[in-house]
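Reader: I'd like to walk through this model with you, feature by feature. Could you show me how to read it?

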Amino acid sequence: MRMKSRKEALNERIVQRKAKVCVLGLGYVGLPLALRFAEVGFPVFGIDTDDEKVEKINRGISYIPGVSLNLQEPKVLRASKDFSHLDDADAAIICVPTPLSKTREPDLSLVLEAAQTVAKHLHPGELIVLESTTYPGTTREVLLPLLEERGLKSGQDFFLAYSPERVDPGNEIFTLSNTPKVIAGISPSCLALAQTLYSQIVQRVVPVSTTDTAEIVKLLENTFRSVNIALVNEFAIMCDRLGLNVWEVIQAAATKPFGFMPFFPGPGLGGHCIPVDPHYLSWKLRLLAYKARTIELADEINREMPRFVAEKVGEALNRQRKSVNGSKILILGVAYKKDSTDVRESPALDVMKLLREKGGDIFYHDPWVPRLSFNGRDLGSVPLDAETLSTADVVVVITDHSRFDAGEVVEHSRLIIDARNLTHGIESAKIVRL
Ligand SMILES: NC(=O)c1ccc[n+]([C@@H]2O[C@H](COP(=O)([O-])OP(=O)(O)OC[C@H]3O[C@@H](n4cnc5c(N)ncnc54)[C@H](O)[C@@H]3O)[C@@H](O)[C@H]2O)c1
């Protein structure tokens, strides 16, 4: 009888959902992914270097809003700090952060660390997938040589693929399972196995020809958002000069049933993806002597927005014969986006810093962020009630959380700078919109 090839054996284990899946990095991307594999019946181990996260998962406590750890027995997600779980893994999926360095260049150190660990435990018949967002070439130029260092050959002994994550934390309509997943392999057999694996958890997989292509697809998606947000942010600035309401302009333009997709202005970009990912691409292009102008211009406009908002606060106070210096300034929402706990790169921090530098007395309310480290201090969210609102000289809306009651905010506040159009539909001389 013919022996099964490594590819056939792994394929069979995946289809039977017996393949042991290890997910490295249990954050916004890795935790929902690991849960989804567990949900459909795979034995899953989540590996993270953060003790607190590991402990919480093993106690069934989720730290991501909207992500529940309630699995039906016998399905279970176990978390660990112990990388020896990789020794008998059939698939290892890397979901660690890819931030920027201080000089705004790609910082692949965590991907490298995770890949080195995977390489140390690599064994024949294993499938490795990178999911972290990164520049085109990372899987092929960085991961592949690292994994092949000990003599195993990709496409033959082990399999290597890249699949960018499209998770939108908090989105209840598009989840992991109903969002198509782009996949590429280093070789046809790598792609085939990765396709089989992801077909178990998502309704549609979208194979592309190379891992470089799959890497840049993700960067196109996020650059598309960054550029369009920059466009409407610039429209906000231009409408301000023209004395026009940018929100009305966008809403009217959005009635065009084709060729227009509305994006909305705001106090600046935040989170781990949109402000960061396009720089991975522009950095890579710089190495090839090309300046990614659209990316850089969009970044410049988006990064100016916190200052634009802070200036609007100063102007509005000035019209009331007050200065930022000494004014009580309530920041409403510090998470970078609606209904999220995530404050990474949040423009709220920049707006707060700019107003603090001008002597503002800053405090904040955010139902999702009970504590915030700001300016070397640990701040707590103040309660949102009539007294808090009415004692503030100005309320600055940075995040339009669903829990906010715009009517209440307008009723009790003295002055509102609304950077998100939370107060849409309410006419009041107290409101200054972006
Ligand atoms: N957050 C999003 O909405 C989103 C969406 C799509 C893609 N991405 C990309 O996915 C990747 C992960 O992002 P995230 O938001 O999940 O990050 P995160 O910070 O929420 O989680 C990453 C986790 O990795 C852990 N970690 C770090 N080094 C590790 C190591 N060597 N081994 C094991 N665990 C390690 C951290 O402790 C952390 O828990 C990034 O490349 C990001 O750009 C994020």
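Author: Gladly! This is a predicted model, and the ligand makes a good starting point. The shell around the ligand holds 27 residues, and Val-29, Asp-48, Lys-53, Thr-98 and Thr-133 are the closest.

Reader: Which helix gives the largest share of the shell around the ligand?

Author: That is helix H4, residues 109-121, which supplies three residues.

Reader: Which polar atoms lie beside the ligand's oxygen and nitrogen atoms?

Author: Look at backbone and side chain separately. On the backbone side, a polar atom of Val-29 is 2.9 Å from a ligand oxygen, and an N or O atom of Gly-25 lies 3.5 Å from a ligand nitrogen. On the side-chain side, Thr-98 places a polar atom 2.5 Å from an oxygen of the ligand. As for cover, the ligand taken alone exposes 830 Å², of which the protein buries 93%.

Reader: Let's turn to helix ends. Which residue caps the N-terminal end of H3?

Author: Asp-50 does: one of its side-chain oxygens lies 2.9 Å from the backbone nitrogen of Glu-52, at the start of a helix that covers residues 51-58. After H3 comes Gly-60, with a positive phi near 80°.

Reader: Now the loops. Is Ser-327 buried or exposed?

Author: Compare the relative accessible area with the cut-off: under 20% counts as buried. Ser-327 is buried because its value is 4%. This serine sits in the loop between helix H10 (293-319) and strand S9 (328-332). Further along in sequence or further back, Ser-327 touches Leu-317, Lys-322, Gly-360, Asp-361 and Asp-393, leaving aside residues up to four places away. A polar atom of the Ser-327 side chain also lies 2.5 Å from the backbone oxygen of Ser-323.

Reader: And what about Pro-180, in the loop between strands S6 and S7?

Author: Pro-180 is partly exposed, at 26% relative accessible area. Leaving out residues up to four places away in sequence, Pro-180 touches Arg-166, Arg-204 and Val-206. Between Pro-180 and Ser-199 there are 9.9 Å from C-alpha to C-alpha, while in sequence they are 19 residues apart.

Reader: Last one: which residues form the nonpolar patch on the surface?

Author: Leu-231, Phe-235, Met-238, Leu-242, Leu-244 and Val-249 form the patch, and together they have about 550 Å² of accessible area. Helix H7, residues 211-242, gives the most, with four residues. Leu-244 belongs to the loop between H7 and helix H8 (246-253).

Conventions
Residues numbered from 1 in each chain as written. Predicted model: local features only at pLDDT ≥ 70, side-chain atom pairs only at ≥ 80, totals over all residues. Heavy atoms only, no water. Polar contact = N/O pair within 3.5 Å; in protein donor to acceptor, adjacent residues only side chain to side chain. Helix = DSSP H or I, 4+ residues; strand = E, 2+ residues; numbered from the N terminus. Patch = residues over 30% accessible without salt bridge, like charges linked within 9 Å, V, L, I, M, F, W, Y side chains within 5 Å. Areas by Shrake-Rupley, 256 points an atom, 1.4 Å probe, with all protein chains shown as cover. Salt bridge = Lys/Arg side-chain N within 4 Å of Asp/Glu carboxyl O. Buried < 20%, exposed > 50% of the residue type's maximum accessible area, 1.4 Å probe, protein only. Contact = heavy atoms within 4.5 Å. Near = heavy atom within 4 Å.
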